[in-house]
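Reader: I have a structure open in front of me, and I would like to understand the words people use for it. Could you take me through some of them?

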Amino acid sequence: MVAHLDGSSLARLRLAISPASEVTSWLRATLSRFGHPVHGDPGPAARAALRHPDVALVAELMTPPGRLGYTPDLLTPKPPLGPLDTAFDQQLAATAATPADEVAAQVNERFPAGGMPARVRAAVEDGTLARRVTDGLRHFWQAALGEQWPAVRATLEAELAVRATAMATAGVGSMLNSLHPKVGWTGSSLTIDSSYRITTALTGAELVLAPSALAWPQLSTQLCDEGNAVLVYPIGAGPTDQRRAHRLGDLVGASRAAILADLDVPRSTGQLSERHRLAPATVSYHLGVLLRSGLVVRTRERHSVLYRRSDHGDGLVGCWPGQGATRSAIRWNTAWVGESGSGT
């Protein structure tokens, strides 16, 4: 994907936190049978919220976890200007105010080959979909994310400070080049390594860069609508020279971090047990968590089952930045991931 930015658009580029993007990312993790690749199981409150009819409607509009596809932009409106305390309410108001014809166009793009769920079709036809999606996002937020939001917010605000400093000291181009390995800046265009072969132009438009603590490792682009242009990038995916693995133990727990770091080559449960002086049952428990989170893969070699880091696991070991945002991120992530009920 290529997005050309004229001088006016570059001048209007800003950094902002998008609560709507965070809540949809957490909802997507809840829909995945593996949970979140870093933060683990979203928990029973998040899963219970899926039974709410309006949350279920939102879930049907989202691209299934792990698949490529379009998720309607009305779920993730651009973060507004102004205080963060009112940002989510303003985003929900923007979702609720989406015109009926735009709602229909986005839903049809979500289901281009047919197969639109009956309740989605009914909500589009009776004009209630935008309102019900708004109610669903609000309900899921209150049930699954609201209590943890102050810690998530602190993490995101620390990241904004890092990026703002980078932009002030090295320039906007350098900051854009450091956002994500798949994002580049040519001097006039933003390039994004994506399966979508799209070229768009932002002329006098406002582009918002929104860091995400919950989207990892996904990069989300919303650049075809000049009035709602957003690039959501995951925290912890900067260039190699900014990465630090020594914080991994704080993120996922010392034992699990040591096992994950040791799986750059295939190893069996028995080998890991000996190398880390842990009981085989404890190693098996940690490997199970890492496997369900997509951080390791396993293969069978004759009579042995061997484990090795996946691409996501490599990213976690090598991609967590040791900069200002990391300390807040670790405090929050430790509370969410920890050792998932197992001591280190």
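Author: Gladly! Let us begin with pairing: two strands pair if DSSP finds at least two bridges between them. Keep in mind that this is a predicted model.

Reader: How do you know that β1 and β5 pair?

Author: Count the bridges. Four bridges join β1 (residues 2–5) to β5 (residues 199–202). Pairing needs at least two, so β1 and β5 pair. The two strands run parallel, and V2 has T199 as its bridge partner in β5.

Reader: What makes β1 and β4 a pair?

Author: The reasoning starts from the bridges again. Three bridges link β1 to β4 (residues 189–192), and at least two are needed, so these strands pair. They run antiparallel, and in β4 the partner of H4 is S189.

Reader: Which side chains of β1 are buried, and which are not?

Author: A3 and L5 point to one face and are buried, while V2 and H4 point to the other face and are not. In a regular strand the side chains alternate between the two faces of the sheet.

Reader: What makes a group of residues a nonpolar core?

Author: The members must be buried residues of certain types, such as Leu and Phe, joined through side-chain atoms within 4.5 Å. The largest core here has 60 residues, and L129, F140, L190, L207 and L209 have the most contacts inside it. Helix α8 (residues 129–145) gives the most to this core, with eight residues. A second, separate core has 15 residues, including L263, L295, Y307 and L316.

Reader: Which residues does L190 touch?

Author: Leaving aside residues up to four places away in sequence, L190 touches M1, V2, A3, L5, L176, V183, G184, W185, L207 and L231.

Reader: Why is α13 called roughly perpendicular to α14?

Author: Look at the angle. The axes of α13 (residues 269–276) and α14 (residues 280–292) come within 9 Å and cross at roughly 115°. Angles of 65 to 115 degrees count as roughly perpendicular, so α13 gets that description relative to α14. On the α13 side, T269, L272 and S273 make the contact; on the α14 side, P280, V283, S284 and L287 do. The crossing is right-handed.

Reader: Where does Q218 lie, and what does Q218 touch?

Author: Q218 lies in the loop between β6 (207–212) and β7 (220–222). Not counting residues up to four places away in sequence, Q218 touches V232 and P234. Q218 and P234 are 16 residues apart along the chain, and their C-alpha atoms are separated by 6.4 Å.

Technical notes: Residues are numbered from 1 along each chain as its sequence is written. This is a predicted model: local features need pLDDT of at least 70, side-chain atom pairs count only at pLDDT 80 or more; totals for chains, interfaces and linings use all residues. Side-chain values use heavy atoms; hydrogens and water are left out. Buried means under 20% relative accessible area, exposed over 50%, partly exposed in between (1.4 Å probe, protein chains only). Contact means heavy atoms within 4.5 Å. Axes are lines fitted to C-alpha atoms, for helices over the stretch in contact, and angles run from 0 to 180 degrees between N-to-C directions. Angles under 35 degrees count as roughly parallel, over 145 as roughly antiparallel, 65 to 115 as roughly perpendicular and the rest as oblique. A crossing is left-handed if the near helix is turned anticlockwise from the far one by less than a right angle, and right-handed if clockwise.
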